[in-house]
Amino acid sequence: MPLTDPDRLFPVEPALRGLARELYDGVAGLPIISPHGHCDPRWFAENARFPNPAELFVVPDHYVFRMLVSQGLTLEELGVPRVDGGPVETDPRAIWRRFAAHYHLFRGTPSAMWLDHSFEHVFGLDQILSAQTADACYDHIDACLAQPDFTPRALFERFNIEVLATTEGALDDLKWHRMIRESGWTGRVVTTYRPDAVVDPEFEGFAANVEAFGALSGEDTATWEGYLTAHRIRRLFFKQHGATASDHGHATARTENLSQADAAALFQKALKGACTPDEADAFRGQMLTEMARMSLEDGLTLQIHPGSRRNHSADVFARFGRDKGFDIPGRTDYVSALKPLLDAVGMERELRVVLFTLDETAYGRELAPLAGAYPCLRLGPPWWFFDSYEGIRKFREATTETCGFYNTAGFNDDTRAFCSIPARHDVARRSDCAYLAQLVGTGRLREADAHAVAYDLTYSLAKEAYGL
Amino acid sequence: MPLTDPDRLFPVEPALRGLARELYDGVAGLPIISPHGHCDPRWFAENARFPNPAELFVVPDHYVFRMLVSQGLTLEELGVPRVDGGPVETDPRAIWRRFAAHYHLFRGTPSAMWLDHSFEHVFGLDQILSAQTADACYDHIDACLAQPDFTPRALFERFNIEVLATTEGALDDLKWHRMIRESGWTGRVVTTYRPDAVVDPEFEGFAANVEAFGALSGEDTATWEGYLTAHRIRRLFFKQHGATASDHGHATARTENLSQADAAALFQKALKGACTPDEADAFRGQMLTEMARMSLEDGLTLQIHPGSRRNHSADVFARFGRDKGFDIPGRTDYVSALKPLLDAVGMERELRVVLFTLDETAYGRELAPLAGAYPCLRLGPPWWFFDSYEGIRKFREATTETCGFYNTAGFNDDTRAFCSIPARHDVARRSDCAYLAQLVGTGRLREADAHAVAYDLTYSLAKEAYGL
Amino acid sequence: MPLTDPDRLFPVEPALRGLARELYDGVAGLPIISPHGHCDPRWFAENARFPNPAELFVVPDHYVFRMLVSQGLTLEELGVPRVDGGPVETDPRAIWRRFAAHYHLFRGTPSAMWLDHSFEHVFGLDQILSAQTADACYDHIDACLAQPDFTPRALFERFNIEVLATTEGALDDLKWHRMIRESGWTGRVVTTYRPDAVVDPEFEGFAANVEAFGALSGEDTATWEGYLTAHRIRRLFFKQHGATASDHGHATARTENLSQADAAALFQKALKGACTPDEADAFRGQMLTEMARMSLEDGLTLQIHPGSRRNHSADVFARFGRDKGFDIPGRTDYVSALKPLLDAVGMERELRVVLFTLDETAYGRELAPLAGAYPCLRLGPPWWFFDSYEGIRKFREATTETCGFYNTAGFNDDTRAFCSIPARHDVARRSDCAYLAQLVGTGRLREADAHAVAYDLTYSLAKEAYGL
């Protein structure tokens, strides 16, 4: 019994369904462009087998385990490691059984959609996961993982990935990327420059990080000039390891364009740990503008994704640390927040700034009007909780009329769940084709144009926005 | 001529319509669980006939009369009592005729949908209400009301209500509930603990209310400890009258988790009437956390429904008082507002906190991410202006992908219009089935699962969330 | 080959499509009521030919050129005049070719929809605009413009416009309107009173403007009383030139109801240029309430459209001035902002206040609840970026259930692109009929009522709201 419907996500009305299917057939086979994500480059460097089904699907994926926690399971029962190293479940089969017994909680969610897609299309399962089928599914997947066809590189090739971007901190030595390149394997895995640890005065160990940053780059990062030069040097180093973009996840979209003297003074305050929260936010905002200026020099695309109130539960953060499903979005302002950066470099035609949001109310009111005016701006795809059919539908319905298709940046999967990549890109292609079919069916787009747009949304726009 | 379409609210596309109808057929006959509402328990205690059509449908229902007021009728013309006891229309037939002559104003609204449903299915009318049919409709309904089949208890049974919760203030003696129980009638009508008058320092007569609260409970409510104990005692008293929940309608979702010393000091300030607006808000916020802690002891579900700017028109409030259709929603923050309460008790698996909103922008951005992480949280159904087809559709489309179905709390009607109860639950069942049919039709949910979910949304989830 | 689909914007499902088409057939031929817009009255006064295709479609329309700018063209290349009079493209054919070569950027936008509609239905073109067809289209349109059938008055008549409102500043001499009237031409072109230059203390030259205002009205506008009287006199002057409304575009919806003494003091401060930004905002807010009071005297409808952060790009503003596509919407509060005005005059049954928004989140949460209660309020149609199929759909879906149809004000086109007027009204009629068909198909509205509502949305409601 197939786990997925071949016509999933297409409109039900027969004429629209036919149209959507035709559009989809034109793009279903295109290679995957994944310009933003969180896969571990070590997988492709070492090419070792994935350990077991629980560690592949449950333990590392906060989208999966937070849902189980929300209905009364504990993080310990699901094998999520504690900060203090205290005891948690270590039997992967026990974890898997708990997951399977609660699989109904995912009904109607994008997690269920990509899990079923992976189960069926990556592992060839034909039974629905449940308490009853838990062991059989476990054994089947585990047996697959032992096969050479299921190593990271084999899956990368089978998934038809043309390029996969990972994300590394500014202090990373990029040794896995180097190892991939030196291995002779031809899969294209590139890094992305993520300097939060040396850009955010509130990051744990900021001053020490900046010192290490100086050591790595050979610059005196105790001075503002040396610090900026160190960024230029590290960006170049990342570029040499394939990077075409930098990535910045701040709580707000605030930008600043201070005088260099004021920026230097603020930097000194940050190094001393003396910034107020507002000054720390201002420094992060100044650094976005500095990054944009460096992008004009070295061509890296600048990605801004504000709006998450991270580690919302003090208790979960204390016991389990970051990225445990308790990052909660909040309202985000873009119009006044981005003005300093846009006044500085917004009219530059060669610059690419990709904006993301976790606040859907900004799409029509702020983001599409901004992207429909400033030449440097592109809208990133809906992501996190909005990387889904409804998320994509609302994104297109809220932005297309104001900024068209060509001010959007194609799809990215933003995932650390490698096996979900084909499913996520498939959802995006289907959802976009469903939207385009609706436009054609209601006389808002010519059919020939819809085919061209489908191709661009799937392939060209991501390459253009990220210089890939 | 039927006033309602048997396939109303189902998708029009034939395959989806058939699917929605099948899902609906499976739940249409289930009993009504009404865990939150504002019916008057006296109706069921005394079981007297409802006075006349105007007082049943127009005079007490601010959803109905505010629409007439918005188009130029006056509250006086509609018989709404004045604060000063001054003259208003007293002829129910004259009120009814005005209502009937303006019935076209309700086109496309949920009010029209439930009114037509009541006219047809409760009273057996077969003509559309209008100036022409006003008298005939009046006479027909009035004649029905004189029949024993139309008394409150008879209708309760005919409506197939398994349990109906009313809402009473913390100072209420619950005599009608006692009278219902002592009458031997088996209809289950339970109360809900609503302590606004003794929890909100800005409530009229707060200090006197707290004093009366002490008298009722036999505690010294001039002290913080005695005040808290009085709550425990009154909650128990309400539990003995069937309560399974408390209910809190503050202007904001603010919570606090002050030290007991600070809370006690703030309480003293509140008793003296010396709180600033911000301190009053902080005290209300502290009491939400105290209530949550008491819920952990006594098992009452905690309901939080913030966001209304009440009595917006100073003129209407001065002349007619509260609840006159001029409560206007505003923007509501949940992410930072709820953090103190959630840090205190949010990870408790036995606690149930039901969150409501009047700000739809919070569904996808804040409420679903919170409910999809914290074990204590459940999302209440869309209500007030969003207790409607579109309201339910947007709620499901905005929340399901992030927190699934099982972090929602089923439907509640929140009404003081008794005859609207079957119609409102019917709208919810149809709207949910329409949504589920859409999921099945687009391959996002298996058909067998959709039947299970329909049952849970209609019946199980409300019982679970409210401990009924 | 037709450029537009005769069934465009109707639902695809055959039963709904048939229903929508029937509803549309009943209103497609009704005359156009355009109660709010920005056409130049000089066109109709002089009745000269429109200069060329580029100056008709590209150069003056910031919706068109901002999209081209967002993808890397410069304002200079598109012939937009510079503030300093420096060189820009002057060859209309070169501008047109650039526009044509980038016409794919408009795919899926309302601009493409009205441009194609104009090309086909106003000018009789039958080929799609592109780099290849640019010259042929240019020549065809240019040849048309030379014909007497394409003069402003001829097009006005052909467009079946019953009344067209333009917008003039309070200091305007209205000579073009006088010239139209004196010409004996029977087309009804009326003005609208827009006093920003004498109401906004932050407007360039405010004090001088107020002085000129005094000279025009013969009042001593150095005093608060004289200033108010001057408004009364100018409003009357505008009324004599057909005005039935005033128009106010502030950054916020703030209103105030200060004592006359406080207002007078604030006015003096404004005249001296001594207002803080907050005081300037308060003065604008006070003037909204004063305008509302004058509306009670003279019957002009008051239009409030807040929420735009104007001239977002400092660079574009410095080089090209206002209205260059860089007005970006922001969050807008109505509930507390409008309270002072509504407390002053909100319950007046003869007053008409039309509220607009650029923040769609306000529809369901704030605007519909307010309009569904206060007798003076009507909701203006979705506009700017929301004057579109999706904009209208979301507006109806978010407001109808709460305030019905009869608290909305019909459609207005708000355009300076004369040839887009028939297309824009056609989009509104089709979108409303599509929505009504959906209501009928799902049993939420009777078919006979839908026909009545379609007529009201197209014709009656605009006339009623604007006293036309």
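How many salt bridges does the rule find across the interface of chain C and chain B? In this predicted model, the count across that interface is 6 salt bridges. The paragraphs below begin with the arrangement of the chains, move on to the surfaces through which they meet, and end with the enclosed spaces.

Two copies of a chain can be related by a rotation about an axis together with a shift along it. Here, chain B is superposed on chain A by a rotation of 120 degrees, with 0.0 Å of shift along the axis and an RMSD of 0.0 Å. Within chain B, B:E13 has the C-alpha nearest the axis, at 3.6 Å from it. Chain C, in turn, is brought onto chain B by a rotation of 120 degrees, again with a shift of 0.0 Å along the axis and an RMSD of 0.0 Å. This is the relation of a three-fold axis. The copies use different surfaces, for 7% of the contact residues of chain C recur in chain B. A matching statement holds for the other pair: only 7% of the interface residues of chain B are also interface residues in chain A, so these copies meet through different surfaces.

How big is an interface? The answer is often given as the accessible area lost when the parts come together. For chain B and chain A, the buried area is about 3,800 Å², and carbon and sulfur atoms give 55% of it. Three residues stand out on the chain B side: B:R365, B:E401 and B:R446 supply 20% of the area that chain B buries against chain A, more than any other three residues. In terms of contacts, 44 residues of chain B touch 52 residues of chain A. The rule finds 5 salt bridges across this interface.

One of the residues just named, B:R446, also takes part in a salt bridge, its side chain meeting that of A:D116 with an N to O distance of 3.1 Å. A:D116 belongs to helix α6 (residues 110-122) of chain A, while B:R446 sits in the loop between α19 and α20 (447-466) of chain B, so the pair joins two chains.

The interface of chain C and chain B can be described in similar terms. Its buried area is about 3,800 Å², with 55% coming from carbon and sulfur atoms. On the chain C side, C:R365, C:E401 and C:R446 lose the most area to chain B, together 20% of what that side buries. The contact draws 44 residues from chain C and 52 residues from chain B. A salt bridge is also formed by B:E77 and C:R349, with their closest N and O atoms 3.9 Å apart. Over all chains, the structure holds 129 salt bridges.

Rolling a probe the size of a water molecule over the atoms shows where empty space is left. What is the volume of the largest cavity? The value is about 1,300 Å³. Its lining has 49 residues, and those nearest the centre are A:Q438, B:E397, B:Q438, C:E397 and C:Q438. The elements giving two or more residues to this lining are α18 (389-403) and α19 (421-441) of chain A, chain B and chain C. By character, the lining residues are 25 nonpolar, 9 polar and 15 charged.

The second largest cavity has a volume of about 780 Å³. It is lined by 33 residues, with A:K394, B:E360, B:K394, C:E360 and C:K394 lying nearest its centre. At least two residues of this lining come from each of α17 (362-371) and α18 in chain A, chain B and chain C. The lining residues of the second largest cavity divide into 18 charged, 9 nonpolar and 6 polar.

Technical notes:
Residues numbered from 1 in each chain as written. Chains lettered and ligands numbered in written order. Predicted model: local features only at pLDDT ≥ 70, side-chain atom pairs only at ≥ 80, totals over all residues. Heavy atoms only, no water. 1 Å grid on protein atoms, 1.4 Å probe; cavity = no way out; pocket = protein on both sides within 12 Å on 5 of 7 lines; lining within 4 Å. Points joined across faces, edges and corners; volume = space filled by probe spheres on them. Helix = DSSP H or I, 4+ residues; strand = E, 2+ residues; numbered from the N terminus. Nonpolar A, V, L, I, M, F, W, Y, C, P; charged D, E, K, R; others polar. Least-squares fit on C-alpha atoms with pLDDT ≥ 70 in both. Contact = heavy atoms within 4.5 Å. Buried area = accessible area lost by both parts, 1.4 Å probe. Salt bridge = Lys/Arg side-chain N within 4 Å of Asp/Glu carboxyl O.
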